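Work through the following exercises with the structure open beside you, and try each task before you read its solution.

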Amino acid sequence: MNDALIYHLLLRRDWEEAQRRGCYVPASLTKEGFIHFSTAEQVLRVANAFYRGAKALLLLEVEVEALKAPVRWEAPAGALSPDSAGEALQERFPHLYGALNLEAVRRVLELLPEADGSFPRLPL
């Protein structure tokens, strides 16, 4: 797992608000205590599960070493997908326990959905 870079999906309006504010503080930070992130390998699954059809979806590429808040690698809440043996996968996702300081954002990329609303590829 390459943990030097992690990724966060958000809507363009949320990114614009973060830039006005000087840091990114989504509702999940208040509600759950952390900001959800993904690895490059996890991003498309997350995009298709939670943002299917979104027209103003952005992907933040974040440098872990530049973050001011701690990152913990944790299993997702809720049901996990079974593997071929029927056992739950123990996949871990990066969670940021604090506001995202904008200087840690290395790139901001736009994700464009296909006609069916899916996201088949990353712009990396």
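**Exercise 1. Strand S4 and its partners**

Find which residue of S4 stands opposite Leu 9, and then trace how S4 is paired with other strands.

*Solution.* In this predicted model, the residue of S4 that stands opposite Leu 9 is Leu 59. The next step is to look at the pairing of whole strands: S1 and S4 run in the antiparallel sense and are paired over seven bridges. Turning to S8, we find that Leu 59 has a bridge partner there as well, namely Leu 109, and that S4 and S8, which run antiparallel, are joined by six bridges. As a last step, consider how covered S4 is: six of its seven residues are buried, where buried means a relative accessible area under 20%.

**Exercise 2. The buried face of helix H3**

Determine which residues of helix H3 are buried, and explain why they can be said to line one face of the helix.

*Solution.* Begin with the helix itself, which covers residues 43-50 and has Val 43, Val 46 and Ala 47 as its buried residues. Now look down the axis of H3: the buried residues fall within an arc of 100°, and therefore they line one face of the helix. Finally, ask what this face meets; the buried residues of H3 pack against strand S1 (5-11), strand S4 (57-63), strand S6 (93-96) and strand S8 (105-111).

**Exercise 3. Two nonpolar cores**

Describe the largest nonpolar core, stating how many residues it has and which elements give two or more residues to it.

*Solution.* The largest nonpolar core has 18 residues, and those with the most contacts inside it are Trp 15, Val 62 and Leu 100. Two or more residues of this core come from each of the elements S1, H1 and S4, and S4 gives the most, with three residues. To see the surroundings of one member, take Trp 15 and set aside residues up to four places away in sequence: Trp 15 then touches Leu 10, Leu 58, Leu 60, Leu 102, Val 105 and Val 108. There is also a second, separate core of 14 residues, which includes Ala 54, Phe 93, Leu 109 and Phe 119.

**Exercise 4. A small open sheet**

Work out the strand order of the open sheet of three strands, and say which strands stand at its edges.

*Solution.* The order is S3-S6-S5, and the pairing is antiparallel. Strand S3 (35-36) and strand S5 (71-74) stand at the edges, and because each has a single partner strand, one side of each is left without a neighbour in the sheet. It helps to recall that strands of a sheet pair through backbone hydrogen bonds, either parallel or antiparallel. For a closer look, S5 and S6 are paired over four bridges in the antiparallel sense, and Trp 73 stands opposite Pro 94 in S6.

**Exercise 5. The aromatic pair**

Identify the residues of the one aromatic pair, and decide which parts of the chain this pair ties together.

*Solution.* The structure holds one aromatic pair, formed by Phe 34 and Tyr 97, with 5.4 Å centre to centre and 45° between the planes, so that the pair counts as tilted, a class that lies between the limits of 30 and 60 degrees. Phe 34 lies in the loop between helix H2 (27-32) and S3, while Tyr 97 lies in the loop between S6 and strand S7 (100-101), and so the pair ties together parts that are 63 residues apart in sequence. As for accessibility, Phe 34 counts as buried at 10%, whereas Tyr 97 counts as partly exposed at 24%.

**Exercise 6. Two buried residues**

Locate Ala 18 and Ser 118, and list what each of them touches beyond its neighbours in sequence.

*Solution.* Ala 18 lies in helix H1 (residues 12-21) and is buried, with a relative accessible area of 1%. Apart from neighbours within four places in sequence, Ala 18 is in contact with Cys 23, Tyr 24 and Leu 102. Ser 118, in the segment after S8, is buried with a relative accessible area of 14%. When residues up to four places away in sequence are not counted, Ser 118 touches Asn 48, Arg 52 and Pro 113, and its side chain makes a polar contact with the side chain of Asp 116 (2.7 Å).

Conventions
Residues numbered from 1 in each chain as written. Predicted model: local features only at pLDDT ≥ 70, side-chain atom pairs only at ≥ 80, totals over all residues. Heavy atoms only, no water. Buried < 20%, exposed > 50% of the residue type's maximum accessible area, 1.4 Å probe, protein only. Arc of directions from axis to C-beta. Contact = heavy atoms within 4.5 Å. Polar contact = N/O pair within 3.5 Å; in protein donor to acceptor, adjacent residues only side chain to side chain. Pairing = 2+ DSSP bridges. Core = buried A, V, L, I, M, F, W, Y, C linked by side-chain atoms within 4.5 Å. Phe/Tyr/Trp six-rings, centres within 6.5 Å; stacked < 30°, edge-to-face > 60°.
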